[in-house]
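Hi,

Here is the structure I promised to pass on. Please have a look, and read my notes underneath when you have a moment.

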2 protein chains.
Amino acid sequence: MNEQDFLATYDPRAYPAVAVTADVVALTIRDGALHLLLIRRGEQPYAGHWALPGGFVRPDEELAAAARRELAEETGLDGEPLRRVHVEQLASYGAPDRDPRMRIVSVAHLAFAPDLPDAAAGTDADEAAWVPVAELANRQLAFDHARIVADGLDRARSKLEYTPLATRFLAPEFTIGELRGVYETVWGHQLHAGNFHRKVLSVPGFVESTGASTEHGGSRGGPRARLYRAGDARLLHPALLRPAREETVR
Amino acid sequence: MNEQDFLATYDPRAYPAVAVTADVVALTIRDGALHLLLIRRGEQPYAGHWALPGGFVRPDEELAAAARRELAEETGLDGEPLRRVHVEQLASYGAPDRDPRMRIVSVAHLAFAPDLPDAAAGTDADEAAWVPVAELANRQLAFDHARIVADGLDRARSKLEYTPLATRFLAPEFTIGELRGVYETVWGHQLHAGNFHRKVLSVPGFVESTGASTEHGGSRGGPRARLYRAGDARLLHPALLRPAREETVR
DNA sequence: GAAATAGTGTCTATCAGACAATATATC
DNA sequence: GATATATTGTCTGATAGACACTATTTC
């Protein structure tokens, strides 16, 4: 049997029914706090629960495209602002009982967005909102989404170390102080301003100067800061390593 | 409608048919060279081509369990030796046209195995073999498996930097020289023996001494070496960083 | 004995982090 | 003026890598 004949007689229904969804852990920084995009589910199962934006991958749709589409639906984003959002694959979750309806494998994605307008509910959600990550402990997320979020936060914290993706939380032009704010927010602790400044400028391709400065100093005083844009590096060498905490290692 | 009623009337067939496979990029070191486990496909499509071991995820089977099962089928491994193989999820590949039969999403896994006996063909393969990674350029892999392998090799090289997984390529007890051999093989360049030795011993939890030494010196001379086993660290702090190559960064 | 390897010692350039100093903004 | 922030300077301890040396083993 050649490949032509084989395909003509092939029956996809012979294989077990599985559905594939793309879910998104979308992060942004608002008011100096890390926020996560959540929707309140309008349908069963878990109706009324908060969950990650996501949905079934359509026929002929790439996995990453499905994630971007879901993100666009819940944020109202489109065109250039949407292109500025960084989306990467996080991991897939396929425990047999993770969804009571049927076998559903979720290909989770991780997104870094600059500060965006308030979220707008999409088609299958009552409500969509940017929720402070610090408040997640109080909310019962649907499915295994709490685990997915935890994995996404881990990945995000780690990605800031060796990639320039922190810039994706900011406008196209930013100050070193704003960049430091991203690190402090995502990592959850203060960094030394002077050392951070020198370090960032010493990593080739991390940021490049625009030549301009901010119009005003900080709201509570201080000189105007120089403006930078993201450089052309895809990886940081040397990396900006977090101080090792013993408990994360063992 | 409550959740009970909802599930009773729910029709999984209403969703587009997708199949999910688990494929494995299994790496080992034989004769000082990095090898990859490949099978020669016995069925359409791509009959006769070399491909990654893998297959459909069964109902009620975890993704990682499916990967381990496929690995076991092709290597003949079982029990304790199989447990010693490290398996982790790599990424999912879901381009709509990656398989001519139907929409198939592959959840690729990455495995690190100690030197194993020759592979034995499983049920749906003519042949299974450990193939030197250096020879892959001459082989036309089925589907998008060349890309998956490339991603797996990248991940493997990077994982050696910040995890103790290099030990998974070795027997439970090993010498520092053997461990250095793993790094040199996977990274593809020589390391300084003295500095490597000191560095490994200085990373907390990377290796722990067994107190014993090898029975004999090296085949071409040299003293007996002390034996170590893997320590309890899951991450290496500080990491064993590769020297940065400019071209990998931009 | 020649050659290879294990393990240790030493030196230096570099770097992370602590700390300080100065200039420039806001209130 | 008091205070906050940007930016640069300086110092110190730690480290990566180069190099050297000794001891031990095989052929």
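**The surface near DNA strand C**

By class, the surface near DNA strand C is made up of 3 nonpolar, 13 polar and 8 charged residues (nonpolar: Ala, Val, Leu, Ile, Met, Phe, Trp, Tyr, Cys and Pro; charged: Asp, Glu, Lys and Arg; polar: the others, Gly among them). This is a predicted model, in which local features need pLDDT of at least 70 and side-chain atom pairs count only at pLDDT 80 or more, while totals for chains, interfaces and linings use all residues. Residues are numbered from 1 along each chain as its sequence is written, chains are lettered from A and ligands numbered from 1 in the order in which they are written, and side-chain values use heavy atoms, with hydrogens and water left out.

In total, 24 residues surround DNA strand C, and A:Lys199, A:Gly222, B:His197, B:Pro223 and B:Arg226 are the closest (near means a heavy atom within 4 Å). Of the strand's atoms that come within 4 Å of the protein, 64% belong to sugar and phosphate.

Helix H6 (193–202) of chain A, and from chain B helix H5 (176–187) and helix H6 (193–202), each supply at least two residues of this surface (helices are DSSP runs of H or I, at least four residues, numbered from the N terminus).

Three polar contacts are worth a look (pairs of N or O atoms within 3.5 Å):

- A polar backbone atom of A:Ser219 lies 3.0 Å from a sugar or linking oxygen of DNA strand C.
- A polar backbone atom of B:Gly222 is 3.1 Å from a base nitrogen of the strand.
- A side-chain N or O atom of B:Arg198 is 3.3 Å from a base nitrogen of the strand.

Best wishes

How values were computed: A polar contact is a pair of N or O atoms within 3.5 Å; within protein, one must be able to donate a hydrogen and the other to accept it, and residues adjacent in sequence count only if both atoms are side-chain atoms.
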